[in-house]
Every structure is written in structure tokens, then in C-alpha cells.
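Thanks, everyone. I have one short item today, on salt bridges. Please look at the screen.

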Amino acid sequence: MILVVGANGMLGHDMMALLGDRARGVDIADIDITSMESTERVLTTLRPSVVINCAACTNVDNCESDADTAMQVNGEGVGYLAMATRSIGARLVQVSTDYVFDGSKGTPYHEDDAPRPLNIYGESKLAGEMNAAFNPDHLIVRTQWLYGLHGKNFVETMLGLAKEKDTLAVVDDQIGSPTWTVDLARSIAALIESKCQGIYHAANSGFCSWNEFARSIFEEAGLSVTVTGMTTEQLNRPARRPLYSTLDCSKLEQDAGFRLQPWRDALRSYLSARAAH
Ligand SMILES: NC(=O)c1ccc[n+]([C@@H]2O[C@H](COP(=O)([O-])OP(=O)(O)OC[C@H]3O[C@@H](n4cnc5c(N)ncnc54)[C@H](OP(=O)(O)O)[C@@H]3O)[C@@H](O)[C@H]2O)c1
């Protein structure tokens, strides 16, 4: 049995839907990964063969003001999961982020590029990656710019704002790959199936700025909203963000035979799924 931790979150929901009756889901009401006792108890009771950890503190700006919680959930909690999975002979799959990188490389990041996080969230997720390695049978999947039906995300924010405004300023100097959680779930399943270990990058293919993504959302949704540009510096969020953090996903394709669809096709698929939901 595969255990999905953080099953009520945006990725967790789609992971559960994809795995069907092969999986069981738990979230904060059943397990608190910041407690070694809670984590050990749930894993020794359920005895899964694979644990996919989708639980995290994901509000990047809030992590700046509550670094302790970020480190406990994203860092130490993964260590408890690694120790508990190791003791029952299970594999640990840890979901991580492009924010472990500083975005200064200028070309897509490979799995073995040196991490250098710019913010607390990235630091805490990097600590989680290192702690995942307490279990030698671990898989770390770095992704970025997620959106899906079951969580707060950029697509929903834009569609919500379109009801109130006909002009929006959106950052045009951060480049990445918007990634649909359904496609990410499929890539994680392919990596598990192929028995891959170590670090892999998984994001929808191609890249754009948040500004281009916003314009694409309005075009695909048939909404006439004017999108103007602004810089990251002008937006002035609490957490620093990498400016260019696209992920090279060729290792995923080579080892698991899986390639995520282009981001714009994924956006279209998401909007269709959303309309049918
Ligand atoms: N969202 C993105 O753009 C993005 C980008 C790159 C990587 N990632 C990574 O992808 C993964 C999935 O992200 P997501 O956006 O799907 O997450 P999400 O929607 O925020 O879901 C996370 C889930 O974890 C639960 N949780 C929080 N603390 C917990 C604890 N101590 N014990 C057990 N469960 C706990 C949350 O419960 P509550 O809601 O009650 O707190 C929530 O149900 C995360 O590892 C994240 O770091 C996300």
C-alpha cells in the first residue's frame, strides 16, 4: 500500500485520485509529521511499502515570519518520516522545490547543481531533502509553480481577480514552468514504478514569466483582462524569489520514460477539468 501524507492538499488530492485503491491518505488530523511519536505510530500501524510526502508549509511569505514552523514541518518532519520509513523497510518519496536554487545560473537547473536558497521556505525544503536521506531508499522530486483543483494557486487567483478588475499588473521578471498537479502526480507514479532513487526534477515543459502565464490564463479562459508588467522589486514580497529557476527534467525522461506535457497544454487541460468539476 502507498501512503500519501498531506492527502488533503493540492498535490495530495490528485495523487490520491491517480493511485485509487492502491493508496491510503492521511493529513494533519491523522498524523503530525512534526511529532516523531505521531509519525512512528501511524507508519508502524499502517505499514505502507511507499510513503509519498505531500505535506508541507507552502506559504512562502509566511515562512519568513514563522521560520520555526517552516523548519519543523518542511525540515525536521521529513527526518521523522525518513526514520520511520527506514525502520519499516518502506521507501520515502519527498516532494521538493525549485526554491532550493538562487536562480542565478541562467540555464535550466540539473539535479546535481548546487542549491543556494534565497528564502526560509527554500532553506527549510533543502533541510527536508537532506533529512530524507536518513532513509537510503528515498526519492526526491523537485517541482515548481504548482496549480490544481484543490488548493490556492496562481490560476485561481487570476480568475478571481478577473471578476473585479479589467487591468492587472503582474511580475514579468521571474521565469519558471507552471505545473499542473495532475501531471506532477503522474510523473511521481512513473518514478515509483521505475524504482528510481535520488533526486529528480519534474515540471511541465517549456517556461514563461508569471506575466505571460497570466495572459495565457485569460486567453484560454476567454476573458478580456489587460495585463501590464511590473518587477519583482516593485512587488516587494517578504520572501526573495529566484528570477530564473526552470528545471531540466531530462533525467526523469531517461530513467522513467516520462515527459510532462507543455505548460500551455496543461493549462488547457486544467481549465477543462475545472469546468467539468
Ligand atoms: N504549491 C507550489 O507552488 C509548490 C511549488 C513547488 C513545490 N511544492 C511542494 O509540493 C508539495 C505539495 O504542495 P501543495 O501546494 O500541494 O501543498 P498544500 O496544498 O499546502 O498541502 C499541504 C498539506 O499538508 C498538510 N500539513 C501541514 N502541516 C502538516 C503536518 N505537520 N503534518 C501533517 N500534514 C501537514 C496541510 O494541512 P493544513 O492545510 O491544515 O495546514 C495540507 O493539507 C509540498 O512539498 C510543497 O513544498 C509546492
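I will go through a few charged pairs in this model, which is a predicted one.

A search of the whole structure gives 14 salt bridges. I will take three of them.

Start in helix 7, residues 181–193, where Asp-183 and Arg-186 sit three residues apart, about one turn of the helix. Their side chains form a salt bridge, at 2.9 Å from N to O. Are the two partners buried or exposed? Asp-183 is buried, because its relative accessible area of 3% falls under the 20% cut-off. Arg-186 has a relative accessible area of 36% and is partly exposed.

Now the second pair. Glu-219 and Arg-264 meet through their side chains in a salt bridge, 2.9 Å from N to O. This one links distant parts of the chain: Glu-219 belongs to helix 8, residues 210–221, and Arg-264 to helix 11, residues 263–276, with the two positions 45 residues apart in numbering. Glu-219 is exposed at 52% relative accessible area, while Arg-264, at 24%, is partly exposed.

The third pair is Arg-268 with Glu-220, a salt bridge of 3.1 Å, N to O. Arg-268 is in helix 11 and Glu-220 in helix 8, so this contact ties together parts 48 residues apart in sequence. Both count as partly exposed: Arg-268 has 39% relative accessibility, and Glu-220 has a relative accessible area of 25%.

Which residues do shared partners join into one network? They are Glu-219, Glu-220, Arg-264, Asp-265 and Arg-268, connected by salt bridges that have partners in common.

That is the end of my item.

Methods. Residues are numbered from 1 along each chain as its sequence is written. This is a predicted model: local features need pLDDT of at least 70, side-chain atom pairs count only at pLDDT 80 or more; totals for chains, interfaces and linings use all residues. Side-chain values use heavy atoms; hydrogens and water are left out. A salt bridge is a side-chain nitrogen of Lys or Arg within 4 Å of a carboxyl oxygen of Asp or Glu. Helices (H or I, at least four residues) and strands (E, at least two) are DSSP runs, numbered from the N terminus. Buried means under 20% relative accessible area, exposed over 50%, partly exposed in between (1.4 Å probe, protein chains only).
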